[in-house]
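User: I'm new to protein structures and would like a close look at one part of this one. Could you walk me through its nonpolar core?

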Amino acid sequence: MSELSQPLFVTEAVYVEREAERGPEVHRSEYVDGIIIAMTGSSKVHNRIAGNLWKELLGPADAHGCRASLLDVQVRVEAGKSVARYYPDVVVSCEPSNDLYVETAPCLIAEVLSPSTKWVDRREKRFSYLQLGSVLHYLLIDPETRTIEHVERRDGVWTTRTLDETDLLVLVCPRVEISISDLFLGT
C-alpha cells in the first residue's frame, strides 16, 4: 500500500508497528488520536542545544536512578480516550520501565523550538504533556531569542518563567542547576 492510499485514521497498534518497521534511519512520525504526523528534520543548532541539555542532565539523572534520553525516545500520553505519542528532544524519567523506546511517566520534557513546530510545542504538546501527573518540568527552548520558557509544577500549581542567558535553570527532577548560557554553547 503506498503512502498516499493509506487510511486517514489508524489505530495506535498499527502506528507502533509502522514505526518499528521504518526504523530510525527513516524520518520519524508522531501519533495523535489516530492521525500520523510526519516530523521534519532538525538543524545542527537544534541538535546542539538538545545535546547540550542532555549532557547537563545525564550525570544528575544517573545519580538519582533516572534516565535522560535524547531525540529518539517517545513519550506516550493517555488522557481519557485521547492517546498521543511524541518524540520530545530530551526526556527524563525516574519511574521503572521495561520499554526501551517509550516513556509513560517522565518528570522532565524539553522541546527545542523551530519555526515550523513552535506553535505545536507551545499549545498541543504543552497541553498533552501537562496532563501527565509525573511531569514537573516542561522546557521550551528558543534558539532565536536564546531563552527558555520553564513551565514547572510545584505543589500541584503550574508556573511559567522565561529565563535568559544570565539565569540558572533550577530543576528538581533531576536535581540540578544549569547555566542557561551553557545550553547555547556552540550555536
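Analyst: Here is a short tour of the core, with a little of the surroundings to set the scene. Please keep in mind that this is a predicted model.

Let's start with the whole chain. Its secondary structure comes to four helices and 13 strands. For 187 residues, a compact globule would have a radius of gyration near 16 Å, and the protein chain agrees because its own value is 16 Å. Of those 187 residues, 44% count as buried.

Now to the part you asked about. The largest nonpolar core has 25 residues, and those with the most contacts inside it are L53, L57, V92, L108, L139, I141 and I178. Several elements give two or more residues to this core, among them strand 6 (90-93), strand 8 (106-112), strand 9 (137-142) and strand 13 (175-179). Helix 4 (180-183) is on that list too, and so is helix 2 (44-63). Helix 2 gives the largest share of this core, five residues.

To see how one residue sits among others, pick L139. Leaving aside residues up to four places away in sequence, L139 touches L53, L108, I109, A110, E111, I148, E149, H150 and L169. Two of these partners, L53 and L108, are also listed among the residues with the most contacts inside the largest core.

There is also a second, separate core of 16 residues, which includes A84, Y86, V91 and I109.

One last view takes in the whole chain again: among contacts between residues at least 6 apart in sequence, 50% join residues at least 24 apart.

Notes
Residues numbered from 1 in each chain as written. Predicted model: local features only at pLDDT ≥ 70, side-chain atom pairs only at ≥ 80, totals over all residues. Heavy atoms only, no water. Rg over C-alpha atoms; globule rule 2.2 N^0.38 Å. Buried < 20%, exposed > 50% of the residue type's maximum accessible area, 1.4 Å probe, protein only. Contact = heavy atoms within 4.5 Å. Core = buried A, V, L, I, M, F, W, Y, C linked by side-chain atoms within 4.5 Å.
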